[in-house]
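Colleague: I have the chain open on my screen and would like a walk through it. Can we start with the sheet?
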Amino acid sequence: MSTLSSLEEAKKSAAYRAVDEHFPKNSKVVGIGSGSTVIYAVERIGQRDDVKDVIFVPTGFQSKQLIIENGLRLGCIEEYGVGDLDITFDGADEVDPSLNCIKGGGGCLFQEKLVASCAKKFVLVADYTKQSTALGFKWIQGIPIEVSPLAAKKVESDLFRLGAKSVTWRSGGKSKAGPAVTDNGNFILDTYFGPVEAKDVDALDKAIKLLVGVIETGLFNIADIAYFGGSDGSVTVW
Ligand code: 5RP
């Protein structure tokens, strides 16, 4: 009998199905995202008998540990350019029907976007709570924006000028005091703009990226397919 909660079952069924349907035969390099759902994707990959020679590229510290713990070969993104990864599997915080998504709830957005951008295919795995009609409709914590610590105050004021309704400096780093520090030594500003229509996602992403001091935004519009696990074990594919 399964001991997983229905939410964990949902994550597992989405991740297992995505790996079974998309893990490329004869793949050489595969990107691995971050978060709790990707744990099941890596678990499933680790059960395959054709991954001994495949290199897995992580998107942060958690992801690196996951690759090592599952006995897979670890690579690093510094060695790869656009199109060099066969596929990347990653989680998401909110996904709209056009496959735009918000990522970075775990603070790994920069490396996640970097690794996804180098992959020929980007596959999202998530539970049913992440399906949304528009970004910012369900995920009201705000779009995570990674910024240089030197520029955090300046970017905060820029974001309000761009129309942000709230900007929260993410806290709870290792010391639990002061701003959280990413794997890249930066801060995160969780920025709520209200719901963002699918047609406006790209423009908002570009406007934020242009601000001096912004490293990356948690707005992604590069996914090819998304798998959502349901509480009853079913899987919906967008
Ligand atoms: C981390 C991320 C994660 O992929 C996202 O937060 C989803 O995590 P989970 O699968 O635990 O819901 O973007 O930066």
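Colleague: In what order do the strands of the open sheet come?

Modeller: This is a predicted model. Its seven strands run S3-S2-S1-S4-S7-S13-S14, and the pairing is mixed.

Colleague: Which are the edge strands?

Modeller: S3 (73–74) and S14 (235–237), each of which pairs on one side only.

Colleague: Take the S3 end. In what sense do S2 and S3 pair?

Modeller: Parallel, over two bridges, with S2 covering residues 55–57. Phe56 stands opposite Leu74 of S3.

Colleague: And moving inward, how many bridges join S1 and S4?

Modeller: Three, in the parallel sense. Ile32 faces Phe89 of S4 across that pairing. On to S7: S4 and S7 are also joined by three bridges in the parallel sense, and Asp90 has Leu124 of S7 as its bridge partner.

Colleague: Are the faces of S4 covered or open?

Modeller: Both are covered. Ile87 and Phe89 are buried on one side, Thr88 and Asp90 on the other. That split fits a general pattern: in a regular strand, side chains alternate between the two faces of the sheet.

Colleague: What is Phe89 in contact with, leaving aside its neighbours in sequence?

Modeller: Beyond four places in sequence, Phe89 contacts Ala18, Val19, Ile32, Gly33, Val38, Ala41, Val123 and Val125.

Colleague: How many residues are in the largest nonpolar core?

Modeller: The count is 62. Phe89 is among those with the most contacts inside that core, along with Ala15, Ala18, Ile32, Ala41, Leu124 and Val125. In soluble globular proteins, nonpolar side chains tend to be buried together.

Colleague: Val38 was in that contact list. Where does Val38 lie?

Modeller: In helix H2, which spans residues 38–46.

Colleague: Why is Val38 called buried?

Modeller: Because 26 other C-beta atoms lie within 10 Å of Val38, and the cut-off for buried is 20 or more. Apart from residues up to four places away in sequence, Val38 touches Ala15, Ile32, Gly33, Phe89, Asp90, Gly91 and Val125. Val38 and Lys11 are 27 residues apart in sequence, with 8.3 Å between their C-alpha atoms.

Colleague: Different helix now. Which strands does H4 lie across?

Modeller: H4, residues 109–117, lies across S1 (29–32), S2, S4 (87–90) and S7 (122–127). H4 runs at about 150° to S4.

Colleague: How many of the residues of H4 are buried?

Modeller: Seven of the nine, so to speak of H4 as mostly covered is fair. The buried ones are Leu109, Phe110, Gln111, Glu112, Lys113, Val115 and Ala116.

Colleague: Back to the sheet, other end. How many bridges do S7 and S13 have?

Modeller: Five, in the parallel sense. Val123 has Ile225 of S13 as its bridge partner. S13 (residues 225–229) is largely enclosed by the rest of the structure, because four of its five residues are buried.

Colleague: In what sense do S13 and S14 pair?

Modeller: Antiparallel, over three bridges, and Tyr227 has Val237 of S14 as its bridge partner. The two strands form a hairpin with five residues between them, where Gly233 takes a positive phi near 90°.

Colleague: Last topic, the ligand. Which residues come nearest?

Modeller: Of the 17 residues around the ligand, Gly35, Ser36, Gly91, Gly105 and Gly106 come nearest. By class, that shell has three nonpolar, ten polar and four charged residues.

Technical notes: Residues are numbered from 1 along each chain as its sequence is written. This is a predicted model: local features need pLDDT of at least 70, side-chain atom pairs count only at pLDDT 80 or more; totals for chains, interfaces and linings use all residues. Two strands pair if DSSP finds at least two bridges between them. Two residues are in contact if their C-beta atoms, placed from the backbone, lie within 7 Å. Axes are lines fitted to C-alpha atoms, for helices over the stretch in contact, and angles run from 0 to 180 degrees between N-to-C directions. A nonpolar core is a set of buried Ala, Val, Leu, Ile, Met, Phe, Trp, Tyr and Cys residues joined through C-beta atoms within 7 Å. A residue is buried if 20 or more other C-beta atoms lie within 10 Å of its own, exposed if 12 or fewer, and partly exposed in between; C-beta atoms are placed from the backbone. A residue is near a molecule or strand if its C-beta atom, placed from the backbone, lies within 6 Å of it. Ala, Val, Leu, Ile, Met, Phe, Trp, Tyr, Cys and Pro count as nonpolar, Asp, Glu, Lys and Arg as charged, and the others, Gly among them, as polar.
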